[in-house]
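Work through the exercises below with the coordinates open. Try each task before reading its solution.

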Amino acid sequence: MPSDIFIGIDLGTTGARVIAIDEDAVVVGEAKSALSDHGSNHRDPMCWWAAIQTALSTVTKNIDAGRVQALCVDGTSGTILPIDAAGRPLADARMYNDACEDSAILATISKHAVAESAAHGATSGAAKALTFQNSNPEMAMVVHQADWIAGQLSGLYGSDDNNALKTGYDSVQRCWPEWMAQAGINRTLLPFVREPGTVLGHVLPDIAAEFGLLTRTKVVAGTTDGCAAFLATGALKPGDGMTSIGTTLVLKVISDRPIFDPESGIYSHRLLGNWLAGGASNTGGGVLLEHFTPSEIEHLSTQINPETPLGLDYYPLRAPGERFPISDPQLPPKLSPRPDDPADFLKAMLEGIAGIEALGYAKLRELGGPRLTSVRTVGGAAQNEPLTAIRARLLGVPINPPVHLEAAYGSALLAKSGMAGQ
């Protein structure tokens, strides 16, 4: 029998990517479309939709679209827009990294939001929601980026537990909490929330016709791009971790219980029956590039023996200040004593980064998380072989290659999981 097909849609900062998988999670179709091909305004929701239409059309034309059972969308966490009752955007979106400049709004949220809420901060969804509420009296709803795309597909503008978290949603109690009303946020303007992978509804008839889908094709609640990228790595069970080593260092681990530590910036997303918890350090590839060029890193790495530790106990930072695993806004970088051999200096920095990673997973364990059992690694610095060997030695667990590197693949897995038992 022909296999069922499941489609994941990832809307990122530069474009849209669509991936189709079969029942064995094998990719059977893939396409992408740059936002710049559809306009110069990346905050324009119609630009997002045009990029998705292009990529989705390419994929569905090259597969048997009648076998598609479900679609799932991920978007950038914290990207918000106001819509009217028909789902039409009333303004450009405020993106994930757009900060609220209204000090009164920030003070109100800070006063009323519980300490564990992810709604604190100038870039939170809560601050953006209140901004739109104050400036768009005709607004029927404020939705997240992934919500709006799912609404374009299904006509239903609901949200998911992951995107809603930074807007103030209480993932433990499964509600928009009372403090939001106390802060002046009209909770009737917020979308209903479902767990990622939960069926929202069916595709609209015109969507089915446009992409060759059956009208019984389902749309399931999505997630953030970060959570989708985590799922794409193949991490599945409590104790499975993911380390992203880009400019900074980001750790995530699947836990059987939620972990919240506001001081360290740790909060948890509900995901496929478990929780995804993590934190971010200011160390990473950025500090390496403060001292070496990429070609120097590549050359010097060939001279490093990762099995013989230098033990200089570096804490590599580009500037003072750290939040996780040590919460200290004044924490100074530690990059001394400096060996005469530049290869040893690089090695000491790699050991420092790996040591911070180990401290991070230990911190998550200390806060009630699971014992680490494996790690998948993504990011540019993850390709450095001595760093990988040093990390494996310090973590004491297997470092496995990710199954896939694209968030759209993770969303396709969510679409597949949403159909399990249907």
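**Exercise 1. Two helices in contact**

Are H8 and H13 roughly parallel or roughly perpendicular to each other?

Solution. Keep in mind that this is a predicted model.
- Step 1: take the packing geometry. The axes of H8 and H13 are 7 Å apart, and the helices pack at an angle of about 80 degrees.
- Step 2: apply the cut-off. Angles of 65 to 115 degrees count as roughly perpendicular.
- Step 3: conclude. H8 and H13 are therefore roughly perpendicular to each other.
- Step 4: list the residues that make the contact. H8 contributes Asp225, Ala228, Ala229, Leu231 and Ala232, while H13 contributes Ala407, Tyr409, Gly410, Ser411, Leu413 and Leu414.

**Exercise 2. The sheet with E1 and E4**

Give the strand order of the open sheet that holds E1 and E4, and find its edges.

Solution.
- Step 1: read the order. The 6 strands run E3-E2-E1-E4-E10-E9, and the pairing is mixed.
- Step 2: find the edges. Strand E3 (27-34) and strand E9 (199-202) each pair on one side only.
- Step 3: check the twist. On average, neighbouring strands of this sheet are turned by 20 degrees against each other, direction ignored.
- Step 4: inspect one pair. Strand E1 (residues 5-11) and strand E4 (residues 68-75) run parallel and are joined by 6 bridges. Glycine 8 has cysteine 72 in E4 as its bridge partner.
- Step 5: add the helices. Helix H4 (residues 145-154) lies across E1, E4, E9 and strand E10 (218-224), at about 150 degrees to E4. Helix H13 (residues 407-419) lies across E1, strand E2 (15-22), E3, E4, E9 and E10, at about 135 degrees to E1.

**Exercise 3. The sheet with E11 and E12**

Which strands stand at the edges of the open sheet that holds E11 and E12?

Solution.
- Step 1: set out the order. This open sheet of 6 strands reads E13-E14-E12-E11-E15-E16, with mixed pairing.
- Step 2: take the ends. Strand E13 (267-271) and E16 each have a single partner strand, so one side of each lacks a neighbour in the sheet.
- Step 3: look at one pair. Strand E12 (residues 249-255) pairs with strand E14 (residues 274-281) in the antiparallel sense, over 7 bridges. Valine 250 is matched with alanine 280 in E14 as its bridge partner.
- Step 4: place the helix. Helix H8 (residues 225-232) lies across E11, E12, E13 and E14, running at about 70 degrees to E12.

**Exercise 4. One face of H12**

Identify the buried residues of H12 and say how they are arranged around its axis.

Solution.
- Step 1: list them. In helix H12 (residues 385-395), Pro386, Leu387, Ile390, Arg391 and Leu395 are buried.
- Step 2: look down the axis. These buried residues fall within an arc of 155 degrees, so they line one face of H12.
- Step 3: find what they pack against. The partners are strand E11 (240-245), helix H10 (294-301), helix H11 (342-366), strand E15 (374-378) and strand E16 (399-400).
- Step 4: check both ends. At the start of H12, a side-chain oxygen of asparagine 384 comes to within 3.0 Å of the backbone nitrogen of leucine 387. Glycine 396 follows H12, with a positive phi near 70 degrees.

**Exercise 5. An aspartate in E11**

Is aspartate 240 buried or exposed?

Solution.
- Step 1: locate aspartate 240. Its place is in strand E11.
- Step 2: compare with the cut-off. Buried means under 20% relative accessible area. Aspartate 240 has 2% relative accessibility, so it counts as buried.
- Step 3: find a polar partner. The side chains of aspartate 240 and threonine 373 are joined by a polar contact of 3.5 Å.
- Step 4: add the other contacts. Beyond four places in sequence, aspartate 240 touches residues including Phe230, Lys252, Ile254 and Arg376.

**Exercise 6. Backbone exceptions**

Find cis peptide bonds and residues other than glycine with positive phi.

Solution.
- Step 1: recall the background. Most residues other than glycine have a negative phi, and most peptide bonds are trans.
- Step 2: scan omega. Phenylalanine 324 and proline 325 are joined by a cis peptide bond, with omega about 5 degrees. Serine 336 and proline 337 also share a cis bond, with omega about 0 degrees.
- Step 3: place the prolines. Proline 325 is in the loop between H10 and H11, and proline 337 is in the loop between H10 and H11.
- Step 4: scan phi. Alanine 25 has a positive phi near 65 degrees and lies in the loop between E2 and E3. Arginine 174 has a positive phi near 60 degrees and is partly exposed, at 44% relative accessible area.

Terms used. Residues numbered from 1 in each chain as written. Heavy atoms only, no water. Pairing = 2+ DSSP bridges. Helix = DSSP H or I, 4+ residues; strand = E, 2+ residues; numbered from the N terminus. Axes fitted to C-alpha atoms, helices over the stretch in contact; angles between N-to-C directions. Contact = heavy atoms within 4.5 Å. Buried < 20%, exposed > 50% of the residue type's maximum accessible area, 1.4 Å probe, protein only. Arc of directions from axis to C-beta. Polar contact = N/O pair within 3.5 Å; in protein donor to acceptor, adjacent residues only side chain to side chain. Parallel < 35°, antiparallel > 145°, perpendicular 65-115°, else oblique.
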